[in-house]
Structure formats: C-alpha cells, structure tokens
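User: Please take a close look at one helix pairing in this model and describe how the two helices meet. I would also like to know how far the prediction can be trusted there.

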Amino acid sequence: MQFQQMRHVVALVEKRSLASAAKALGISQPALSKSLRRLETDLGVKLFERTARGVLATEFGREFARHARA
C-alpha cells in the first residue's frame, strides 16, 4: 500500500465520483481506477460499490478512509 493510494481512497469517499476525485487529485480517471483496483486486490476486500449514481464506500472503505485521515 502506498501513501498516495490512501489519498485516493479519502478523495473518493469525499467526492463520491471517480471523475471529481481524479480532478481534485490532479490525475486521470483511469489512473485513479487502476490505483483503487490494485489496492482492493492487495487488501482482498472491496472498498467501493460502483453504481449508476456514483461510487459508494463500503463499510471497510469508510473505515479505511477514517484511518487514512488520521
């Protein structure tokens, strides 16, 4: 896990949109998606649910973001 991946999770929890989070982080949407997929694979858990109305953090995703902010 990298520090930047922690920042990515926090941004996505706050923005609830891949496009908005990527813009806030100054990276492309595909780069953000790839980073998050890699983190989910490394952790072995799903951090986000992708929906038609945006992205929602799972319980684990919310806890991860809470600890990342600290």
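Analyst:
**The pairing of α1 and α4**

In this predicted model, helix α1, which covers residues 3-15, and helix α4, which covers residues 59-69, have axes that come within 9 Å and cross at roughly 120 degrees. Because angles of 65 to 115 degrees count as roughly perpendicular and those over 145 as roughly antiparallel, this crossing makes α1 oblique to α4. The crossing of the two helices is left-handed. On the side of α1, the contact is made by Met6, Val9, Val10, Val13 and Glu14, and α4 answers with Gly61, Phe64, Ala65, Ala68 and Arg69. Sorted by class, the residues joining α1 to α4 comprise seven nonpolar, one polar and two charged.

Helix α1 also holds Gln5, whose surroundings can be described separately. Gln5 has a relative accessible area of 4%, and since buried means under 20%, this residue is buried. Setting aside neighbours within four places in sequence, Gln5 is in contact with Ser35, Arg38 and Leu39. The C-alpha atom of Gln5 is also separated by 8.7 Å from that of Leu32, although these two residues are 27 residues apart along the chain.

As for confidence, the chain averages a pLDDT of 93, and 99% of the residues score at least 70. Among the elements of the chain, the lowest mean pLDDT, 90, belongs to strand β1 (residues 48-51), while the highest, 96, belongs to helix α2 (residues 18-25). Where pLDDT is low, predicted coordinates should not be read in detail.

Conventions:
Residues are numbered from 1 along each chain as its sequence is written. This is a predicted model: local features need pLDDT of at least 70, side-chain atom pairs count only at pLDDT 80 or more; totals for chains, interfaces and linings use all residues. Side-chain values use heavy atoms; hydrogens and water are left out. Axes are lines fitted to C-alpha atoms, for helices over the stretch in contact, and angles run from 0 to 180 degrees between N-to-C directions. Helices (H or I, at least four residues) and strands (E, at least two) are DSSP runs, numbered from the N terminus. Angles under 35 degrees count as roughly parallel, over 145 as roughly antiparallel, 65 to 115 as roughly perpendicular and the rest as oblique. A crossing is left-handed if the near helix is turned anticlockwise from the far one by less than a right angle, and right-handed if clockwise. Contact means heavy atoms within 4.5 Å. Ala, Val, Leu, Ile, Met, Phe, Trp, Tyr, Cys and Pro count as nonpolar, Asp, Glu, Lys and Arg as charged, and the others, Gly among them, as polar. pLDDT is the predictor's confidence in each residue, from 0 to 100. Buried means under 20% relative accessible area, exposed over 50%, partly exposed in between (1.4 Å probe, protein chains only).
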